[in-house]
Amino acid sequence: MTPGAPDLTNEYDGPCAVCGAVVPAGTGALRHGPTGGWEVFHRDHVREPAPPARQDLPGWHRRRLMALDIATTGNRAAVDRILAAAVRVSDGTTYDWIMDPGSNLLSLAPGKSHGVTIARARAEGAPAPRALDELATVVADHLASREVLVVWFAPHVLATLHAELLRHGVPPLTGRLPHGVARSATRSSWTATPTATARAAAPSKRSPRGTASRTRGRVTRRPTPRPRSPWPR
Ligand SMILES: [Zn+2]
């Protein structure tokens, strides 16, 4: 059996998943079956899980993959800014941006490890609207071709990108694709990415703190409804 795996046995008599003969209670080995249920085996018939043999299979991993990452002033999409962005494509194409975030920053001292300071972004960066427009164009063109976008910690990256595009008056990704992000990215390409979190909810244009309403002198605060996600489920 797998080293370290608990040695589970059957509480009741049951047919062996390999030979079909009865395994008396307490003598067999229990394993998770392929559909999630339990299977019982004679001790000498147990099938240990094994990866399939290595093959030269087609799949999403052979398609044109694009990876996107950003360096920000923090992890709050509502206030934090993108200082740099990088795109790497599996065909070798690379894009890099350093962007001047402009004024009105709420985060003045990014305590981040990416090394891009606000001073450097201001000194070396392109104006944020121009850089963001280029970035959004590159990503939207890729998604429009129904290829796979790979994003580590996608909820943060995509929400921050969306907020930054709106903040600078640049059309967001959802407005650049013929049918929105959801229908332009195939279901398989999204669910096959290492980051299933790409399905994360898009940022809401409303306050994240909810909506306050005054009813007969009482202020009640109800949670903001979850925004309808533009990403496929
Ligand atoms: Zn058996």
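The expected span of a helix is 1.5 Å times one less than its number of residues. Keep that rule at hand, as it serves as a check on one helix in this predicted model.

**Helix H3 and its surroundings**

Helix H3 covers residues 154-167. Its 14 residues should span 20 Å at 1.5 Å a residue, and the C-alpha atoms at its ends are 19 Å apart, which agrees. How much of H3 is buried? Of its 14 residues, 11 are buried, so the helix is largely enclosed by the rest of the structure. Among them are Val 157, Leu 158, Leu 161 and Leu 165, along with His 156, His 162 and Glu 164. The cover over these buried residues includes strands S5, S6 and S9, as well as helix H2 and helix H4 (173-176). H3 lies across S5, S6 and S9, and runs at about 70° to S5. After H3 comes Gly 169, with a positive phi near 70°.

**The sheet**

Now to the strands that H3 lies across. They belong to an open sheet of 5 strands with mixed pairing, in the order S8-S7-S6-S5-S9. At its edges are strand S8 (126-127) and strand S9 (148-151), each of which pairs on one side only. Helix H2 (residues 128-144) lies across S5, S6, S7, S8 and S9, and runs at about 150° to S7.

Strand S6 (residues 82-89) makes a good place to look at the pairing in detail. S6 runs antiparallel to S5, joined by 7 bridges, and pairs with strand S7 (residues 94-100) in the antiparallel sense over 5 bridges. S6 is mostly covered, with 6 of its 8 residues buried. Ala 85 in S6 is the bridge partner of Ile 70, and Ala 85 also stands opposite Trp 97 in S7. Ala 84 has Ile 98 in S7 as its bridge partner. In a regular strand, side chains alternate between the two faces of the sheet. S6 and S7 form a hairpin with 4 residues between them, and Gly 92 in the turn has a positive phi of about 100°.

**The zinc site**

Elsewhere in the chain there is a zinc ion. Which residues coordinate the zinc ion? The ligands are Cys 16 and Cys 19 through SG, and His 42 and His 45 through ND1, at 2.0 to 2.4 Å. The angles subtended by the 4 donor atoms are 95 to 122°, which makes the arrangement tetrahedral. Along the sequence, the donor residues follow the spacing C-x2-C-x22-H-x2-H. Cys 19 and His 45 link distant parts of the chain, 26 residues apart: Cys 19 is in the loop between strand S1 (14-15) and strand S2 (22-23), while His 45 is in the loop between strand S4 (38-41) and strand S5 (65-72).

**Leu 30**

Leu 30 lies in strand S3 (residues 29-32). Leaving aside residues up to four places away in sequence, Leu 30 touches Leu 8, Thr 9, Asn 10, Trp 38, Glu 39 and Val 40. Its C-alpha atom is separated by 6.5 Å from that of Phe 41, which is 11 residues apart from Leu 30 along the chain.

Here is the accessibility of Leu 30 beside that of two zinc ligands. Buried means under 20% relative accessible area.

| Residue | Relative accessible area | Class |
|---|---|---|
| Leu 30 | 19% | buried |
| His 45 | 29% | partly exposed |
| Cys 19 | 40% | partly exposed |

Note on methods: Residues are numbered from 1 along each chain as its sequence is written. This is a predicted model: local features need pLDDT of at least 70, side-chain atom pairs count only at pLDDT 80 or more; totals for chains, interfaces and linings use all residues. Side-chain values use heavy atoms; hydrogens and water are left out. Donors are N, O and S atoms within 2.8 Å of the metal (3.2 Å for Na, K and Ca); water is not among the atoms, so sites may look incomplete. Four donors count as tetrahedral if all angles lie between 85 and 135 degrees; four count as square planar and six as octahedral if opposite donors are over 155 degrees apart and all others between 65 and 115; anything else is irregular. Helices (H or I, at least four residues) and strands (E, at least two) are DSSP runs, numbered from the N terminus. Buried means under 20% relative accessible area, exposed over 50%, partly exposed in between (1.4 Å probe, protein chains only). Two strands pair if DSSP finds at least two bridges between them. Contact means heavy atoms within 4.5 Å. Axes are lines fitted to C-alpha atoms, for helices over the stretch in contact, and angles run from 0 to 180 degrees between N-to-C directions.
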